[in-house]
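Hi everyone, thanks for making room for me today. I'd like to walk you through one structure, so let me put it on the screen.

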Amino acid sequence: QALAQPAANIPSRNLTSLLATRAVALMKLKRLPEAETVFAQIEELARTDSSSFTKLRLGTLHAELLLAASQPQRALEVIDRTATLAEQNESSYYLARSWLLRGQAQMQLDQVDAGITLMDQAVGTEFQTDEQRGQRARRRQCELRQPGMQRHQRHLDAEADQAEQQEGVL
């Protein structure tokens with residue numbers, strides 16, 4: 001409904017936020033060409049907004065779109081720029097988001113171990129106990145059994161088995 005109003009009636013930052021939400025929704029519906037078109041509109045609006053927050057938000061959104069379009073190499077370029085900006089602005093949230101996105105990109109490039117390590121770093125699992133790591137490995141195994149994630153399954157099975165052996169379950 002908000003987008004049905006003339007754009008002149010919506011403040012620039014609000015319009016950027018609304019369009020970003022729309023781009024994410026289109027991406028989740030797998031309507032990637034439309035999501036990319038909306039993202040181009042967002043980039044145009046953002047040229048007048050010099051805030052670091054906008055740049056960080058758009059950087060992560062752009063990386064998500066590239067990953068959804070199976071373009072991990074291009075996504076890594078965007079992620080590197082976003083991570084650098086996050087470090088400069090001491091934004092732990094966007095730095096962690098960058099690690100998660102970089103992990104996803106590496107997994108798409110079949111660098112599964114490096115991807116999982118970065119994702120674990122992003123969510124702080126390097127401070128977990130062995131039991132917590134084992135539980136997380138089993139949850140991850142179940143989650144990644146969803147359609148489209150089978151190519152990583154063999155690695156996950158081995159990781160879960162190793163975690164259970166460390167816990168003395170097997």
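I'll start with the overall picture and the confidence, then go through the first helix, the cores, the aromatic rings and one loop residue.

Please keep in mind that this is a predicted model. Across the protein chain the pLDDT averages 78, and 71% of the residues score at least 70. Where is the confidence lowest, and where is it highest? The low end is helix H8, residues 153-167, with a mean of 58, while H4 has the highest, at 94.

As for the fold, we have 8 helices and 0 strands, so to speak a plain run of α-α-α-α-α-α-α-α along the sequence. The protein chain has 170 residues, and buried ones make up 40% of them. If you take the contacts with a separation of 6 or more, 45% of those are between residues 24 or more positions apart.

Now let's look at H1. This helix has 17 residues, and from its first C-alpha to its last it reaches 24 Å, close to the 24 Å expected at 1.5 Å a residue. Its buried residues are Leu15, Thr16, Leu19, Ala20, Ala23, Leu26 and Met27. Why do we say that they line one face of the helix? Looking down the axis of H1, these buried residues fall within an arc of 135 degrees, so they line one face. The general background will be familiar: an α-helix has 3.6 residues a turn, so residues three or four places apart point the same way. And what do the buried residues of H1 pack against? Their partners are H2 and H3. Just after H1 comes Lys30, with a positive phi near 65 degrees.

That takes us to the cores. The largest nonpolar core has 16 residues, and the members that touch the most others are Val38, Phe39, Ile42, Leu61 and Leu65. Helices H1 (12-28), H2 (32-46) and H3 (52-68) each supply at least two residues of this core. Let me zoom in on Ile42. Leaving out residues up to four places away in sequence, Ile42 touches Thr16, Leu19, Ala20, Ala23, Leu58 and Leu61. There is also a second, separate core, with 9 residues, including Ala63, Leu67, Ile79 and Leu101.

Next, the aromatic rings. How many aromatic pairs does a search of the whole structure find? It finds 2. One of them is Phe53 with Tyr94, an edge-to-face pair at 6.3 Å centre to centre, with 75 degrees between the planes. Phe53 sits in helix H3 and Tyr94 in helix H5, so this pair ties together parts that are 41 residues apart in sequence. Tyr94 counts as buried, because its relative accessibility is 9%, and the cut-off for buried is under 20%. Tyr93 and Tyr94 also form an edge-to-face pair, this time at 4.8 Å centre to centre and with 85 degrees between the planes. Together, ring pairs link Phe53, Tyr93 and Tyr94 into a cluster.

My last stop is Ser91. You'll find this residue in the loop between helix H4 (72-88) and helix H5 (92-108). Is Ser91 buried or exposed? Ser91 is buried, with a relative accessible area of 15%. Not counting residues up to four places away in sequence, Ser91 touches Leu56 and Ala86.

That's my tour, and I'm happy to go back to any of these views.

How values were computed: Residues numbered from 1 in each chain as written. Predicted model: local features only at pLDDT ≥ 70, side-chain atom pairs only at ≥ 80, totals over all residues. Heavy atoms only, no water. Core = buried A, V, L, I, M, F, W, Y, C linked by side-chain atoms within 4.5 Å. Buried < 20%, exposed > 50% of the residue type's maximum accessible area, 1.4 Å probe, protein only. Helix = DSSP H or I, 4+ residues; strand = E, 2+ residues; numbered from the N terminus. Contact = heavy atoms within 4.5 Å. pLDDT = per-residue confidence, 0-100. Expected span 1.5 Å × (residues − 1). Arc of directions from axis to C-beta. Phe/Tyr/Trp six-rings, centres within 6.5 Å; stacked < 30°, edge-to-face > 60°.
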